[in-house]
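Work through the exercises below with the sequence and the model open. Each task is followed by a solution in steps.

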Amino acid sequence: MASNTTPTEIHQQVKLVSRYQYTNELELTEFLQTTRLPHLIQGFDIGPCKELWTSEYLHSVCSSNLVSVMVSLQPLLEFAPKNYEYKSMPLNELCKLCGISHDLESASKMKEYYYLRSLGENPFKDVADFYKQLPELSKDILIPKVFTEEQYFSSVLRIASAGIQLFTHYDIMDNILVQIRGRKRIALFSPRDSNNLYLQKEKSPIVDIDNPDWDKFPKFSNAIRWDCILNPGDMLYIPAPWLHNVKNLDFTVAINFFWKNLDKSMYATNDVFGNKDLIPAQRAKQILSRALKALDELPPEFKEFYGRNMIGIIEEKTFQ
Ligand SMILES: O=C(O)CCC(=O)C(=O)O
Ligand SMILES: [Fe+2]
C-alpha cells in the first residue's frame, strides 16, 4: 500500500452482532450448541447484582484482599511494549477508585486507568473461580446453565475504569460475558479474519482499532468488524476462537464464564487463562516451525516459491 494513504480513504466493513431474545434455558443451550456466531443475549434476569453493585456497595462488601490490577496512564492498553503495570491493591479500594472514574471525563482527570481480570488463588496453578473466591458477590448473580459442570472451566470477575480498552485477543473456550454495571463496546472479528489481524500468539498488535495505522497494518482493512454495545443485564456469547476488543464506556463490572465445548482431550492441561492453543494446533505449529527451518535452507526465490505453494495447499485443505 502507498505510504501516503490517508485513513479516510479506507473503509472497513462493519456489521452488527445479532441479538438473541432469551426465553428458556433449554432453547438457549441448544442454540449455542449449533451457532458459531457471537450473539447478544437479552431478556435473561441476571439477579439483584444489576441494581445492587454500585461502586459504593462493592467497596463496602468486598474484602481488602489484594488483587493484581493492570494500571495504565493511557486508556488503550498496549502489550508490545507494555504501557501498563500490574499493581497489587485491596479489592475494595479498586472498587472505590473505579467508581470515581465512572465516566470518560472523570477517568481522564484521574490520570490512571484500572483493569482487573480476577485470577485463581494461586495465579500460576489455579483458574479464576468467582463462586469459590467471592461468595459475598456470587450470591447476587444468576446465569443460565448452558454448559454442564464437566464442561465448566472458569468464572472471571472484570472491573474496569471508564475508557480503558483491552487489546484484541482470542480465547480457546466458548464464553458468556455477563454485563453487570456500566456499558462496554465490543468489536469482534471472525476466526476467518485471523490472518488480517497480524496476531502475535493470542493477541493483535492493532491496538487502536478505530484509528489504525493502515500503512503498518494494510490487511486489517479486509477484516470485517462485528460491533455491539453491552448494557447492564446483557450477555455476550463469544464463540471460540472469535477475536474480541473491549472498550469500557463507563466504570464497568462484568463476569465471564468459560467452558469447554469440545472434547476434553483437545485442551492443554496447564492452561489457567483458557487461551493456550488446542493440543493438535500446538503440534501443527511445532511442525510448521520445522517446515520453515527447512525452507530457510533454500535460495530466496525457491523459498518464496515453496512458501506460496504451501499457502495454497493449506488454504485448500483448511478453509471452510
Ligand atoms: O470484558 C472484558 O474486559 C474482557 C472480556 C473478555 O476478554 C472475555 O470475556 O473473554
Ligand atoms: Fe477474552
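A polar contact is a pair of N or O atoms within 3.5 Å; within protein, one must be able to donate a hydrogen and the other to accept it, and residues adjacent in sequence count only if both atoms are side-chain atoms. This is a predicted model, in which local features need pLDDT of at least 70 and side-chain atom pairs count only at pLDDT 80 or more, while totals for chains, interfaces and linings use all residues. Residues are numbered from 1 along each chain as its sequence is written, chains are lettered from A and ligands numbered from 1 in the order in which they are written, and side-chain values use heavy atoms, with hydrogens and water left out.

**Exercise 1.** Describe the setting of Arg-185.

Step 1. Arg-185 is located in strand β10 (residues 184-189); helices (H or I, at least four residues) and strands (E, at least two) are DSSP runs, numbered from the N terminus.

Step 2. Its relative accessibility is 12%, so Arg-185 counts as buried. Buried means under 20% relative accessible area, exposed over 50%, and partly exposed in between (1.4 Å probe, protein chains only).

Step 3. The side chain of Arg-185 makes a polar contact of 3.0 Å with that of Asp-210. Beyond four places in sequence, the residues in contact with Arg-185 include Gln-165, Arg-225, Asn-245 and Leu-249, where contact means heavy atoms within 4.5 Å.

**Exercise 2.** Determine which residues of helix α1 are buried and what they pack against.

Step 1. Helix α1 spans residues 25-34, and Leu-28, Thr-29 and Leu-32 are buried in it. Seen down the axis, the buried residues fall within an arc of 100°, so they line one face of α1. The arc is that of the directions from the helix axis to the C-beta atoms.

Step 2. On the other side of α1, Leu-26, Gln-33 and Thr-34 are exposed.

Step 3. The packing partners of the buried residues are β2 (18-21), β3 (39-42), β9 (174-181), β12 (235-238) and β14 (252-259).

Step 4. Where α1 starts, the backbone nitrogen of Leu-26 has a side-chain oxygen of Asn-24 within 3.2 Å. Tyr-22, in the loop between β2 and α1, reaches the backbone nitrogen of Glu-25 with its side chain at 3.1 Å. Tyr-22 is also in contact with Leu-28 of the helix, and with Pro-144 among others.

**Exercise 3.** Identify the donors of the iron ion (ligand 2) and place them in the chain.

Step 1. His-169 (NE2), Asp-171 (OD) and His-244 (NE2) coordinate the iron ion at 2.1 Å. Donors are N, O and S atoms within 2.8 Å of the metal (3.2 Å for Na, K and Ca); water is not among the atoms, so sites may look incomplete.

Step 2. The spacing of the donor residues in sequence is H-x1-D-x72-H. Asp-171 belongs to the loop between β8 (165-170) and β9, and His-244 to strand β13 (residues 243-248), so the pair ties together parts that are 73 residues apart in sequence.

Step 3. Asp-171 and His-244 are both buried.

**Exercise 4.** Find the polar side chains that approach ligand 1, and state how much of its area the protein buries.

Step 1. The residues around ligand 1 include Tyr-115, Arg-158, His-169, Asp-171, Asn-175 and His-244, each with a heavy atom within 4 Å of the ligand.

Step 2. A polar side-chain atom of His-169 is 3.0 Å from an oxygen atom of ligand 1. For Asp-171, an N or O atom of the side chain is 2.9 Å from a ligand oxygen, and for Asn-175 a polar side-chain atom lies at 2.9 Å from one.

Step 3. Ligand 1 taken alone exposes 300 Å², and the protein buries 100% of that. These areas come from the Shrake-Rupley method with a 1.4 Å probe; for residues, only the protein chains shown count as cover.
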